[in-house]
Structures are given as C-alpha cells and as structure tokens.
Amino acid sequence: MLLGPSLALSAVLFGIGVIGVLVRRNAIVIFMCVELMLNAVNLSFVALSQYHGVGGRVMVFFVMTVAAAEAAVGLAIMIAVFRHLESVDLKNINLLHG
Amino acid sequence: MTVVQIVFYVFAVAAVIGAIMCITQRNPIASAFWLVSVLMSLAGVFVLLQAQFIGVMQVLVYAGAIMVLFLFVIMLLDLGGKTSDRRGAPSWVLAVVVGGAITVSMAQLADYTPDQLAHEISGSTELNADVVLLEGQRLQEAIEARGVVGAIAEPLFGFYLIPFQITGLLLLTAVVGAVVLAKRRI
Amino acid sequence: MLLTLAGPAAQALEAVPRWLVLHPHWVWLTVALPLAGFLINGKLAIAASGPVPLLPPKLAQRITEMVRRYQHGIVTVVGTGVLLAAFVVSLMLFLGFQFLDTQSAYVLRLWSWIPVGRFQVDMALQVDQLSLVMLLVVTGVGSLIHLFSVGYMREDPGYARYFAYLNLFIAFMLVLVLGSSFLVMFIGWEGVGLCSYLLIGFWFEDKANSDAGKKAFLVNRIGDVGFMIAMFMIWTTVGSLDFSTVLRELPAAVPVGGALITAITMFLFLGATGKSAQIPLYVWLPDAMAGPTPVSALIHAATMVTAGVYLVARTGVLFAMAPISSTIVAGVGVVTALFAASMALRQYDIKKVLAYSTISQLGYMFLGVGTGAFAAGIFHLITHAFFKALLFLGAGSVIHAMHHAYHEVHSSEDAQDMRNMGGLRKAMPWTTVLMWIAALAIAGMPLSGFFSKDEILAYAFGRGHDNPVFYLYYVLGIVTALMTAFYMARLMAMTFHGKSRTGADAEPYLHEAPWIMTGPLVVLGILTVFGGMINLPTWAGGHHWLQSWLLPITATAEMYLRPELPHGTTEYVLIGLALTAALVGLVAGYRLTVGQTIVPARDAPEERGFWKVLYHKYYVDELYDAVIVRPLILFSQRFLWKGVDTRVVDGVFVNGSAGISRFLGQIGSRFQTGQLGFYVLLFVLGALWILRAMVGGG
C-alpha cells in the first residue's frame with residue numbers, strides 16, 4: 001500500500017537531485033546531489049522489492065558500495081584538482097574545452 | 001490513514017524539505033547536514049517498507065561513513081561558503097523546468113499498485129498480485145523464517161555471489177585509486 | 001584427432017596380415033613427415049644464423065656453437081630420413097590399398113577447415129589409384145634427389161635452409177596430390193609454387209637468380225587466377241569443391257560440350273599451363289634453372305611441373321565432357337612440345353637444353369591427357385620423372401665436376417656451358433653411361449620413355465578418325481620426337497665426346513662425383529631402363545598394368561572420349577615410324593655435332609640466321625617484355641600511380657575524408673565547452689527524452 005507513494009517520493013527526490021546538479025558549481029555539492037539521486041533510486045528498489053523479490057534489496061547493497069567507491073575516488077580527484085587549481089568550482093575546471 | 005501511512009508521510013515531507021534545503025544552501029557544510037537529514041528520513045522510510053537491515057545500513061554507511069568523508073573533505077579544503085557557487089537565475093529556471101519535467105514524468109507512478117505490477121509482469125489483467133508476485137511472498141516468508149538479515153544474506157552469498165565478489169574488487173580498486181590520486185608523491 | 005572414413009565403408013579383407021591393412025594414420029603421416037623435416041631443418045637453419053633468444057647469452061652461444069658443429073649431420077639425417085620414411089609409408093599405403101575391398105577413393109577427413117554456411121571445405125586427404133601413383137613418384141624420386149643433394153650441396157653455406165625448403169616442397173607436393181578437394185589441392189598448388197620460388201632464388205645474392213624466382217612466381221600467378229576462376233565457377237554450379245562430389249554431380253548438372261563446362265575446363269587448363277610451363281606461360285621454366293641442379297631435377301622436371309597434367313587427369317571427366325577444351329589441351333601440348341624442342345636445338349647451357357626438353361615432354365603429356373589417354377599421360381609423367389631426373393642429376397654431376405675443376409684453377413669460365421665441356425667420358429664413365437641410358441630413353445629408343453611416348457602418339461593417331469586435327473597433332477609429335485633425339489644426341493656428344501674444351505689446366509681436376517651422388521643415378525638408371533614395364537603394351541608382351549590400375553579414375557572420362565589404340569599393321573607402322581624418327585635424330589645429332597669444330601664459350605662467335613632466332617628462344621621473352629611488361633609498367637606509373645593513387649586515392653579519399661572530418665570536428669568542438677553543467681544539462685535532456693519515449697510508448 002506504500003508502493004505508489006514511495007515511488008512518487010523517489011521521483012521527487014531524484015528531480016531535486018537533478019536540479020541540484022544543474023544549479024550548483026561546487027563539485028563537492030554536486031557529488032552530494034548525485035548521492036541524493038542514488039538514494040532516490042534505492043528507495044524505488046526497496047519499495048518494489050516487497051513485491052518483486054529480494055533482488056532489489058541486494059541491488060541496494062551494490063548501489064551503496066558503488067556510491068562509497070565513487071565518493072572515495074571522486075573526493076580524491078577533487079583533492080587533486082584543488083591542489084592544482086586552488087578551487088573546486090566547475091567554472092574553473094574546463095580542461096575538456098574543445 | 002493508518003499509523004504507518006502517517007509516519008511515512010512525515011518522513012517523506014522531511015526528506016523533501018531536507019533535499020530542497022540541501023541544494024539551496026549556500027554553505028556546503030549546511031548542504032551536507034541537510035543531506036544527512038534526508039538520508040535519515042529515508043532510513044525511516046526503509047524501516048516502514050520492512051527493510052530494516054537496509055535502513056540500518058543507510059544510517060551506518062551513508063549518514064555515518066560517506067557523509068563524514070564529505071564533511072571531512074569540505075573542511076580540509078576550507079570551502080566554508082566564502083563565495084556563492086550557485087548559478088544565476090536563467091540556470092535556475094532551466095534547471096527547474098528540466099528537473100520538474102523528470103519529476104512529473106516519474107511521479108505519475110504515485111498511484112501505482114501491486115496489481116498493476118502483476119499485470120505488467122504477466123501481461124494479463126485477469127491475474128492479481130497474490131497469484132503473480134510469488135517472489136515478494138517468498139521474501140516475506142524468508143524474513144519470517146530467517147530474519148531480515150538472513151533473508152538478504154542468503155541470496156547475497158548464493159545467487160549473487162559473483163557480483164558480490166566483483167563489488168569487493170571494485171572497493172579494492174577504489175581504495176588504491178583514492179590513495180594514488182590524493183597522495184602528493186607516490 | 002578425428003579420423004573418419006567417408007564413402008563406402010573401407011573394410012580390410014579378413015586374411016590380410018595386420019601390418020598390411022591400410023591405416024588412416026599413414027595417410028596424414030606422408031604429409032606430416034616432410035613437414036616435420038622442414039620444421040627441424042628450418043629451425044636449425046635459423047638457430048645456426050644467430051643466438052637463441054630468451055636464453056642467457058652464454059648458454060645461447062654454446063647452443064649456437066653446438067648447432068653449427070652438428071648441424072650438417074642432423075640436417076642430412078633428418079632431411080633425407082623423413083623422405084625415405086615417407087616413401088616407406090607410401091609403399092605401405094600402396095600395398096594396403098590393394099587389400100581394400102573397394103575400388104573407390106579412401107578419404108581421410110582431418111578437420112573441418114572452412115565451414116561458412118553452404119561453403120563447406122574439409123581438410124581431407126584422398127587416397128586413390130591416381131594419387132597413389134603420384135605419391136610413389138614424388139616420394140621415390142624425391143628420396144633419390146634428396147640423397148643426391150647431400151653430395152651436391154655439401155659445401156654450400158645454406159645447407160640446412162636448402163633441405164628445409166626441399167622438405168617443405170615435398171610436403172606441399174603431397175598435399176597437392178592427396179588433397180580431396182580443389183581447395184585443399186590449391187594449398188599444395190600454391191605451396192609448391194612458393195617452394196619453387198624460394199629454391200630458384202636459393203642463391204639470392206645474385207640478382208639474376210632472385211629475378212628468375214620472381215618471374216616464376218609471377219607467371220604462375222596468371223595461371224593460378226585461372227585455377228581460382230574455375231573453382232568459383234565449379235562452386236556456383238555444384239555447391240561443392242570436393243573432387244568426388246564435383247566429378248559425380250557436375251556431369252549431370254551441365255550439358256556435354258556446353259559453354260559452361262568449356263569455360264571451366266579452359267580456366268583449369270590456364271592454371272595447368274602456368275604450373276606445367278605450357279604455351280603461353282612456359283617462359284618461367286628455362287629461367288628457373290637458376291636454382292641448384294637437384295632442385296631443377298625434383299621440382300622443375302619430375303614433380304611440380306607435372307601438377308598440371310595431374311590436374312587435367314584428376315578432372316578428366318570434365319575435360320572429356322568438353323571436346324573443344326580437350327582438343328585445345330592436346331593442341332597446346334603438341335605445339336608446346338614442338339616449339340620447345342626446336343628451341344632446345346641451339347642452346348649451349350646444358351641445363352637450358354634439359355629445361356626446354358622438359359617443357360617439350362610436358363607438352364607430350366598434355367597431348368596424351370587432351371587426347372583422352374589419361375593413363376598414357378600419367379605413364380609418360382612417371383617415366384619422364386625417372387629419365388628427366390636422371391638427366392638433370394647427371395647434368396648436376398657434370399656441373400659439379402666442372403665447377404670443381406674451374407674452382408681449383410681459379411677460372412671464371414661458365415661451368416654449365418657445353419662448349420666448355422667435351423670428352424668428359426674419360427673422367428666420368430658412370431655418369432656418361434647413365435646419361436646415355438636416359439638420353440636413349442627420352443629420344444625414343446625402346447627404354448621406358450619409348451613406350452609412354454609411343455602410346456601417347458598412337459592414341460593421338462587413333463583419335464584422328466574422329467577428329468582429323470589429331471592426325472596433324474600426330475605428325476607434329478613425330479617431328480618433335482625427331483628433334484628430341486637430335487638435341488639429346490647433340491647434348492651427349494658435346495658434353496661427353498669429342499675433344500676436351502675444358503682447358504688444359506683445369507682438365508686434370510675433372511673427376512667422377514662421390515657415391516652419394518652416383519648411387520641415386522644408378523637407381524634412376526635402373527628405373528629408366530625398366531620403368532616402361534609398368535604399362536608394357538600387348539605387342540611387347542605386357543598387360544597395360546598402369547592403365548587397368550587407373551581404370552577406376554579414367555573409366556567415366558573414357559565413356560565420353562573412347563580413346564582407341566590402332567591395331568594390327570597400323571600399330572606396327574606407327575612403331576616403326578617412331579623408331580625411325582628416333583634413330584635418324586640420334587645419328588644425325590651425334591654425327592653433326594662430333595663432326596663440327598666447337599669453340600669454347602669465351603671465343604664463340606655470334607649466332608647467325610635462323611640459329612640466332614633459336615638461340616634467342618624466338619625472342620618470346622623480348623616480345624612479352626614489349627607487349628605486356630613495359631605497357632603494364634607505363635600504365636602503372638602514368639595512370640595508376642600518378643593518376644589514381646596520387647590524385648584519387650591520396651587526394652580525394654585520404655586528404656578529402658580528412659578534410660571533411662576536420663570540418664565536422666570543428667563544428668562539433670563548439671559543443672565541447674568544458675563546462676560540466678552544460679554536459680549534465682544535455683545528459684538530463686537526453687534522459688528526459690528516453691523517459692518520454694518509454695512512458696509515451698508503454
């Protein structure tokens with residue numbers, strides 16, 4: 001009976017995460033917004049796993065692991081970038097400029 | 001409305017407010033703390049969805065470990081909101097339009113029911129959720145038989161063993177990668 | 001390894017001793033043995049030239065030294081041993097085959113080679129009457145020539161390389177004769193071409209030799225294209241390349257004498273003219289004499305060049321179904337025979353004479369198979385392998401002696417020019433006698449060559465009342481026989497008789513070759529004398545053994561062609577005519593040559609008149625050069641290089657596509673702002689689009 005509301009909550013949190021990624025320039029805040037989106041997806045997994053079996057819950061574990069790995073590597077990159085540019089503002093990080 | 005539903009909506013509203021505050025706060029540290037509140041609320045929701053173990057993990061791993069890592073890096077780099085990193089109004093409008101579109105697209109699932117899920121899986125309107133969604137019932141039975149942890153542990157170390165091992169490898173790689181990237185000289 | 005028998009179950013008879021039963025392993029062993037010899041000798045040849053990699057330098061040095069010290073012995077034992085073993089295995093196969101209760105081919109499928117949809121080719125070897133005969137000739141004569149090479153190449157620095165190539169050649173030749181489909185045969189066909197190229201250019205330090213190798217390779221390519229086109233046509237018609245399937249189904253699929261079967265056989269014959277040095281693609285064979293003499297004996301006389309005859313005999317049914325093609329085959333054969341024999345009349349290089357003689361004799365074989373007398377063609381192939389190998393090895397002995405003598409006195413005279421020889425019979429009695437045997441055999445005295453050549457001519461005469469052009473072929477064949485006797489007598493007289501022209505200082509150093517070289521000559525001499533026995537005609541008290549042995553192969557083709565031998569008086573008149581021609585040629589050739597005064601090569605005057613045309617081989621090489629080679633080079637330079645390659649390929653395609661990519665890239669790079677937010681926005685819009693598509697569709 002909580003399936004529909006849970007999915008809706010998941011959608012709202014995901015959308016807020018997207019907006020966050022789009023409006024912030026601080027790379028670390030963007031990381032946090034990505035974590036928010038991942039959590040929204042986790043919520044969908046858990047909600048559906050009540051009816052669809054245990055696979056969804058196992059998947060949440062994997063998502064958490066990937067999130068942890070991503071945070072570790074991503075923050076390490078940020079430290080390296082900061083050491084180089086004295087900033088983690090995305091407007092200064094444009095090495096890919098064509 | 002049952003008690004469970006009321007508690008769910010309380011957590012849901014808290015999570016949404018926390019998320020909005022998280023993306024609008026100028027100071028990254030404040031953002032991080034608001035994110036922690038979102039994660040806590042979600043942990044509550046997980047418990048309500050009978051995923052108590054995942055709820056605990058949420059608090060331990062996310063709110064505990066990962067967010068501490070974030071705060072630690074923010075403080076290490078001394079990013080305490082000296083200058084605003086928010087983009088201008090046009091960016092906001094664009095972002096809200098795009099993000100809103102995604103939200104609206106997916107929020108149509110608000111009245112999604114188990115019977116609809118059963119219908120999508122079986123392709124037949126005749127059958128209802130109790131007949132089709134046997135996996136869900138098995139999960140319930142497993143939780144009753146072996147407890148919340150055992151119900152997840154059993155497939156994790158059985159059917160999903162190889163993905164599980166690969167995840168371990170991923171973590172190892174991440175550890176090595178993080179050390180290599182963050183160290184000044186190797 | 002998967003060993004399965006195809007076709008009718010080939011069960012051995014009960015009473016046969018176990019060791020005689022044809023065992024599947026023997027079939028692939030015949031190919032594997034020389035191949036193993038190639039690998040070992042090749043490895044030794046490489047190991048001796050430099051240190052072994054991946055080893056500590058000191059150890060590698062030791063190994064290299066050891067290899068150098070023992071290399072010669074190992075190579076000799078391995079190189080000739082594998083061949084002798086292959087010969088023994090071939091004999092076992094031959095005996096075992098007698099005791100099979102079936103007359104049809106014994107096919108050994110080793111593995112599935114190319115399984116692509118409808119195009120299925122197995123790596124399979126086929127043992128039948130024809131391939132067994134070829135197998136015995138190749139391994140038997142091959143063994144003798146390997147033994148001869150031990151002596152001939154003893155002091156050559158490339159000894160191991162030489163035997164590696166020679167073993168590889170035998171392996172490919174056996175694939176060629178044992179292959180059970182056109183494509184497997186083609187592996188051998190190309191492989192022997194490769195080995196021929198490698199061995200012609202064996203002394204590649206000399207540019208003329210490597211040029212001769214390239215010429216042989218390129219001219220053969222023209223023929224190979226024909227072979228391939230024929231294969232394409234056969235496959236599109238029948239859907240298979242297996243000999244058994246093609247020879248069974250193609251006659252049913254196409255009308256006799258139709259355009260398709262004529263085209264197929266003509267393209268096959270084009271392949272055969274390349275490999276077997278017939279008009280118009282014979283020009284490579286005389287130049288191929290640049291290789292070591294045993295190579296000329298093995299590859300360019302006894303085995304490889306007969307592959308074309310083998311091909312025509314193998315696909316005899318197809319040629320029999322296309323009367324135009326088989327008439328052309330016979331015509332090209334006899335014209336080549338005459339043409340080449342006339343060129344041999346005025347050559348002075350002993351090997352060149354034998355080369356043209358080979359082309360000429362190959363022409364006889366094609367006359368035979370073109371007439372429909374497949375057994376006679378194969379018979380001549382066998383006897384030719386004997387006496388021509390003997391002639392070449394004898395010439396090798398002579399050259400060896402001459403070269404040695406000139407080496408001793410530090411002279412740079414040509415050791416192969418017959419004008420520098422003369423009177424060698426005193427120094428080389430064995431060689432003289434054996435060479436005379438072979439010369440008489442090829443000239444048409446009643447030794448092995450007489451029976452086979454006579455049979456071909458008799459069959460050609462017999463076809464005359466179906467198709468009068470064969471009477472002309474017969475006359476040309478007799479004229480060729482006369483010329484053959486003449487130039488052989490001339491060769492013998494110039495080389496072994498008369499006064500010595502070697503030079504007074506070099507003459508004492510002339511000597512008979514060692515026994516390892518003379519021994520194989522003696523064996524070949526015996527084979528030359530008695531080789532005719534395998535298909536002795538009825539009038540000489542024989543039973544046409546080879547003909548009846550090959551009957552399962554030739555029976556279907558003979559249904560179409562019905563080759564006949566003339567009987568009674570005609571038969572004896574023909575024999576008398578042939579003998580007369582041979583005698584006249586021999587006597588005239590000997591008398592005229594001994595009678596005239598020959599000056600050594602260094603003082604020889606320019607040739608005059610028609611002799612000059614013959615000496616210059618009718619200027620065919622010059623003609624090809626002017627008509628084909630030079631225009632091709634000009635076309636390539638002016639049009640293909642400067643026009644197509646520089647302008648179109650480089651200009652339009654390479655630089656043009658690069659320019660277009662650069663232009664598009666410059667447009668695309670405007671999107672690469674380097675701003676993460678922009679990328680995320682595009683990414684989210686894309687996600688939204690997919691989401692819309694999914695929600696809208698579902």
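In which helix of chain C is the place of Arg490(C)? Arg490(C) is found in helix H18, residues 469–496 of chain C. The legends below describe a predicted model, in which local features need pLDDT of at least 70 and side-chain atom pairs count only at pLDDT 80 or more, while totals for chains, interfaces and linings use all residues. Residues are numbered from 1 along each chain as its sequence is written, chains are lettered from A and ligands numbered from 1 in the order in which they are written, and side-chain values use heavy atoms, with hydrogens and water left out.

**View 1. Surroundings of Arg490(C) in helix H18 of chain C.** Helices (H or I, at least four residues) and strands (E, at least two) are DSSP runs, numbered from the N terminus. Arg490(C) has a relative accessible area of 4% and is therefore buried. The classes are buried (under 20% relative accessible area), exposed (over 50%) and partly exposed (in between), using a 1.4 Å probe and protein chains only. Leaving aside residues up to four places away in sequence, Arg490(C) touches Ala344(C), Leu345(C), Arg346(C), Gln347(C), Tyr348(C), Met418(C), Gly589(C) and Thr593(C). Contact here means heavy atoms within 4.5 Å.

**View 2. Chain C as the setting of the close-ups on its salt bridges and buried residues.** Chain C contains 25 helices and 3 strands. Of its 698 residues, 55% are buried. Contacts between residues at least 6 apart in sequence join residues at least 24 apart in 80% of cases. The accessible surface of chain C is about 29,100 Å², with 69% of it belonging to carbon and sulfur atoms. Accessible areas come from the Shrake-Rupley method with a 1.4 Å probe, and for residues only the protein chains shown count as cover.

**View 3. A salt bridge between two strands of chain C, formed by Asp122(C) and Arg109(C).** The closest N and O atoms of Asp122(C) and Arg109(C) are 3.4 Å apart. Asp122(C) lies in strand S3 (residues 119–127) and Arg109(C) in strand S2 (residues 106–116), so the pair ties together parts that are 13 residues apart in sequence. Arg109(C) has a relative accessible area of 24% and is partly exposed. A salt bridge is defined as a side-chain nitrogen of Lys or Arg within 4 Å of a carboxyl oxygen of Asp or Glu. Over all chains, the structure holds 15 salt bridges.

**View 4. The salt bridge of Arg154(C) with Glu155(C).** The side chains of Arg154(C) and Glu155(C) meet with an N to O distance of 3.4 Å. Arg154(C) counts as partly exposed because its relative accessibility is 42%. Glu155(C), at 66% relative accessibility, counts as exposed.

**View 5. A salt bridge between helices H6 and H24 of chain C.** The side chains of Lys215(C) and Asp621(C) meet at 3.1 Å, N to O. Lys215(C) belongs to helix H6 (residues 207–238) and Asp621(C) to helix H24 (residues 620–669), so this pair ties together parts that are 406 residues apart in sequence. Both partners are partly exposed: Lys215(C) at 22% relative accessibility and Asp621(C) with a relative accessible area of 25%. In addition, Glu190(C), Arg221(C) and Asp224(C) are joined into one network by salt bridges that share partners.

**View 6. The contact between chain B and chain A.** Chain B contributes 85 residues and chain A 67 residues. The two chains bury about 6,900 Å² between them, 79% of it on carbon and sulfur atoms. Buried area is the accessible area (1.4 Å probe) that two parts lose on being put together, summed over both. Within chain B, Leu49(B), Phe70(B) and Asp85(B) lose the most area to chain A, together 10% of what that side buries. Between the chains there are 0 salt bridges and 11 residue pairs in polar contact, both residues at pLDDT 80 or more. A polar contact is a pair of N or O atoms within 3.5 Å; within protein, one must be able to donate a hydrogen and the other to accept it, and residues adjacent in sequence count only if both atoms are side-chain atoms.

**View 7. A nonpolar surface patch on chain B.** Leu169(B), Leu172(B), Val175(B), Val176(B), Val179(B) and Val180(B) form the patch, with about 540 Å² of accessible area together. Patches are made of residues with over 30% relative accessible area and no salt bridge, like charges being joined within 9 Å and nonpolar side chains (Val, Leu, Ile, Met, Phe, Trp, Tyr) within 5 Å. Val180(B) lies in helix H8 (residues 161–182) and, at 44% relative accessibility, is partly exposed. Chain B has 8 helices and 0 strands.
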